[in-house]
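Biologist: Before we use any of the labels attached to this model, could you take me through the reasoning behind them, one at a time?

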Amino acid sequence: MERPEDWRRERARVLAQARVVVIKVGSAVLTDAQGLNAAVLDSLAGQLARLAAPGTGLPDGRRLVLVSSGAVAAGRTALAARGRQVETTGLAARQAAAAVGQGRLMQAWDTAFHVHGMPTAQVLLTRDDLRSRQRFLNARNTFAELLQWRVLPIVNENDTVSVSELKFGDNDCLASLLVNLTGADLFVNLTSSPGVLAADPQREPDAPVMEHIDDVAALDLGQLCGGKTSVGTGGMYSKLLAARRAAQIGVPTLILPGRAPDVLSRAFAAGADSGATPIPGTWVRPAGHAIPRRKFWLAYQSEPAGGVTVDAGAAQALLRKGGSLLPGGVRQVEGAFQKGALVRVLHEGRSLGVGLSNYSAADLKKIMGLKRHEVAAILGDAHYPEVIHRDNLLLDAAV
């Protein structure tokens, strides 16, 4: 599809005009063998404070949200300093290390920002906080108030009370959900890499950095990305998955080398200079047509609880005709989900998207492959025409 705007002009415009920016910084940027790197935190705090300050381009300055990893790594290092070498591979161990390190992480950030007169607020979230619509709206109102007060929310996964394993790229995922919750104009992801490399660096060590990505959904992330970083839970795979989510709601992502000198200041200054100055990292363009934010919320509120495999006719109706999924198109049901659960929609082993099921797995197994009058004969009149209504379906979901 022809883009109305060159990517360099788009990048310059967004960097100059973005009023709400979500910035995520990973453990590999913030920590080293000795724990939290105070020099890195001080440098980033100074750059963020300058971005938030009122300026000629934006008289009121920018509103920033910082998503910070590092609690588990900080806790592990703090314990090691006291002679306790701990393994943090299991859930309980990671939760305990996060409990030790979260206070140290927040104290370090608060100290770094205090120098610049920038108040901070600690916000710890779990996926459950965004799953409930009422809690989602409460969180959105809280963020709006903090930003109105010019307070910097510093957000992390509430690891200590997580009920499931800390997943690959948790804070990348969390940051992409906050892009939606806060109504951000831009997502910046600070990483240990110089940007997105054009090939897996484990196979091609000299792969160049991609200046921009036109369509992140078209990338084969498994082929492009390598493994995890040594101290974090994510890698470039999770960062591009997060960028893909942001792109779906029309928000671009800038992936930057977090430890490069004054990297944030240089990037935004170059944006104000209409793109004349080279910018490090990789610019990930937003999708040409943004999805409704309600669909974004329902698709990423939780991990899919199961899956439904559909036949070729149903896949065609979903992908080409914008249809709903009917019982007759379902060929297989996986999982033990309940009515209203988020489920994957699959065809020939490929995920087509996710949606909210009108049926439990048990009921769906009874009616899959049947026509409407046959469904009524089994379930009675109190049934839905659709298994997943198109209004509750997001195709090409980044899950």
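Modeller: Let us begin with a pair of side chains in this predicted model: those of arginine 127 and glutamate 303 meet in a salt bridge, at 3.5 Å from N to O.

Biologist: Why is the meeting of arginine 127 and glutamate 303 called a salt bridge?

Modeller: The rule asks for a side-chain nitrogen of Lys or Arg within 4 Å of a carboxyl oxygen of Asp or Glu. The N to O distance between arginine 127 and glutamate 303 is 3.5 Å, and therefore the pair counts as a salt bridge.

Biologist: How many salt bridges does the rule find across the interface of domain 1 and domain 2?

Modeller: The rule finds one salt bridge across that interface. As for the bounds, domain 1 covers 7-291 and domain 2 covers 302-395, while their C-alpha centres lie 35 Å apart.

Biologist: What makes this an interface, and how much area do domain 1 and domain 2 bury between them?

Modeller: Five residues of domain 1 are in contact with four residues of domain 2, and the two domains bury about 360 Å² between them, with 54% of that area on carbon and sulfur atoms. The size of an interface is often given as the accessible area lost when the parts come together.

Biologist: How do you know that serine 265 is in contact with residues beyond its neighbours in sequence, and which residues are they?

Modeller: Once the neighbours within four places in sequence are left aside, serine 265 is in contact with Gln47 and Arg50, which means that heavy atoms lie within 4.5 Å in each case. Serine 265 belongs to helix H11, residues 263-272, and it is separated from arginine 50 by 215 residues in sequence but by 7.7 Å in space, C-alpha to C-alpha.

Biologist: Which residues line the second largest cavity, and what are their classes?

Modeller: The structure holds two cavities of 30 Å³ or more, and the second largest contains about 50 Å³ of space. Its lining consists of Leu130, Phe136, Leu177, Asn180, Phe296, Trp297, Tyr300 and Gln301. Helix H8 (170-182) and helix H12 (293-300) are the elements that give two or more residues to this lining, and H12 provides the largest share, three residues. By class, the lining has six nonpolar, two polar and no charged residues; Asn180 and Gln301 are counted as polar because neither Asn nor Gln is listed as nonpolar or charged.

Technical notes: Residues are numbered from 1 along each chain as its sequence is written. This is a predicted model: local features need pLDDT of at least 70, side-chain atom pairs count only at pLDDT 80 or more; totals for chains, interfaces and linings use all residues. Side-chain values use heavy atoms; hydrogens and water are left out. On a 1 Å grid over the protein atoms alone, a cavity is a set of points where a 1.4 Å probe fits but cannot get out, and a pocket is an open set with protein on both sides within 12 Å along at least five of seven lines; lining residues have an atom within 4 Å of a point. Grid points are joined across faces, edges and corners, and a volume is the space filled by probe spheres set on the points. Helices (H or I, at least four residues) and strands (E, at least two) are DSSP runs, numbered from the N terminus. Domain bounds come from an automatic or database domain assignment. Buried area is the accessible area (1.4 Å probe) that two parts lose on being put together, summed over both.
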